[in-house]
Amino acid sequence: MEAPTEIRLSKDKRTLTVTFADASYSFSAEMMRVMSPSAEVQGHSPAERKVIGGKRDVAIMTIVPVGNYAIRVAFDDMHDTGIFTWAWFREHGRAMEAKWQAYLDELAAKGLSREPRRRT
């Protein structure tokens, strides 16, 4: 898989833009967090996959290269176990609208919200 030519984090740390030679995709930190390829989110089988709500305000703290094929992203909610491969960015970038709508539909079906829980 071809590596990106640029990976740029916005100043507010809420958008990651990944540019390949032929395309550029902008991912919200929220989308990356709730669709993280980590076992915590994806489980070890499709039946174990979790729908994560409450991450509208999440931001990216750090990005660390993983070999020549991926990056590890640490979010400000302390989630840092997902390895985002170049193939993940291509797949999710190309199908971003459909994947996001499927996520919103799953949230609604489970009675969850994108809004973080407020502490009382």
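This is a guided tour of a predicted model, with a selection to make at each stop.

**The sheet**

Select strands β4, β5 and β6. These three strands form an open sheet in the order β4-β5-β6, with antiparallel pairing. At the edges stand β4 and β6 (83–85), each of which pairs on one side only. Direction ignored, neighbouring strands in this sheet are turned by 30° against each other on average.

Narrow the selection to β5 (residues 70–75) and β6, which are joined in the antiparallel sense over three bridges. Within this pairing, A70 can be found opposite T85 in β6. Now add helix α3: the helix packs on the sheet and touches β5 and β6, and its direction makes about 70° with that of β6.

**Helix α3 and its histidine**

Helix α3 covers residues 86–94, and H92 lies in it. Is H92 buried or exposed? Its relative accessibility is 8%, so H92 counts as buried. Display the residues around H92 next. Apart from neighbours within four places in sequence, H92 is in contact with F27, M31, M35 and K99.

**The aromatic rings**

Show the aromatic side chains. The whole structure contains nine aromatic pairs. One of them joins F84 and W88: the ring centres are 4.8 Å apart and the planes stand at 90°, so this pair is edge-to-face. Both of these residues, F84 and W88, are buried. W88 also pairs with F89; here the centres are 5.3 Å apart and the planes are at 85°, so this pair too is edge-to-face. Like W88, F89 is buried.

Extend the selection to F20, Y25, F27, F75, F84, W88 and F89, which ring pairs link into a cluster. Then add R90, and look at the face of F20: R90 lies over it, 4.1 Å from the ring centre.

**K55 and its surroundings**

Move to K55, in the loop between α2 (39–42) and β4 (60–66). With a relative accessibility of 17%, K55 counts as buried. Which residues does K55 contact, neighbours within four places in sequence left aside? They are E30, R33, V34, D77 and R114.

Of these contacts, select D77. The side chains of K55 and D77 form a salt bridge, at 2.7 Å from N to O. This pair links distant parts of the chain, since K55 is in the loop between α2 and β4 while D77 is in the loop between β5 and β6, 22 residues apart. D77 has a relative accessible area of 26% and is partly exposed. Salt bridges with shared partners join R33, E40, K55 and D77 into one network.

**Further salt bridges**

A search of the whole structure gives ten salt bridges. Select R33 and E40, whose side chains meet in one of them at 3.5 Å, N to O. R33 is buried, at 4% relative accessible area, whereas E40 is partly exposed, at 40%.

For the last stop, select E106 and R49. Their side chains meet in a salt bridge of 2.3 Å, N to O. Where in the chain do the two partners E106 and R49 lie? E106 belongs to helix α4 (residues 96–110) and R49 to the loop between α2 and β4, so that the bridge links distant parts of the chain, 57 residues apart. E106 is partly exposed, with a relative accessible area of 25%, and R49 is also partly exposed, at 37% relative accessibility.

Terms used:
Residues numbered from 1 in each chain as written. Predicted model: local features only at pLDDT ≥ 70, side-chain atom pairs only at ≥ 80, totals over all residues. Heavy atoms only, no water. Helix = DSSP H or I, 4+ residues; strand = E, 2+ residues; numbered from the N terminus. Buried < 20%, exposed > 50% of the residue type's maximum accessible area, 1.4 Å probe, protein only. Contact = heavy atoms within 4.5 Å. Phe/Tyr/Trp six-rings, centres within 6.5 Å; stacked < 30°, edge-to-face > 60°. Lys NZ or Arg CZ within 6 Å of the ring centre and 35° of its normal. Pairing = 2+ DSSP bridges. Axes fitted to C-alpha atoms, helices over the stretch in contact; angles between N-to-C directions. Salt bridge = Lys/Arg side-chain N within 4 Å of Asp/Glu carboxyl O.
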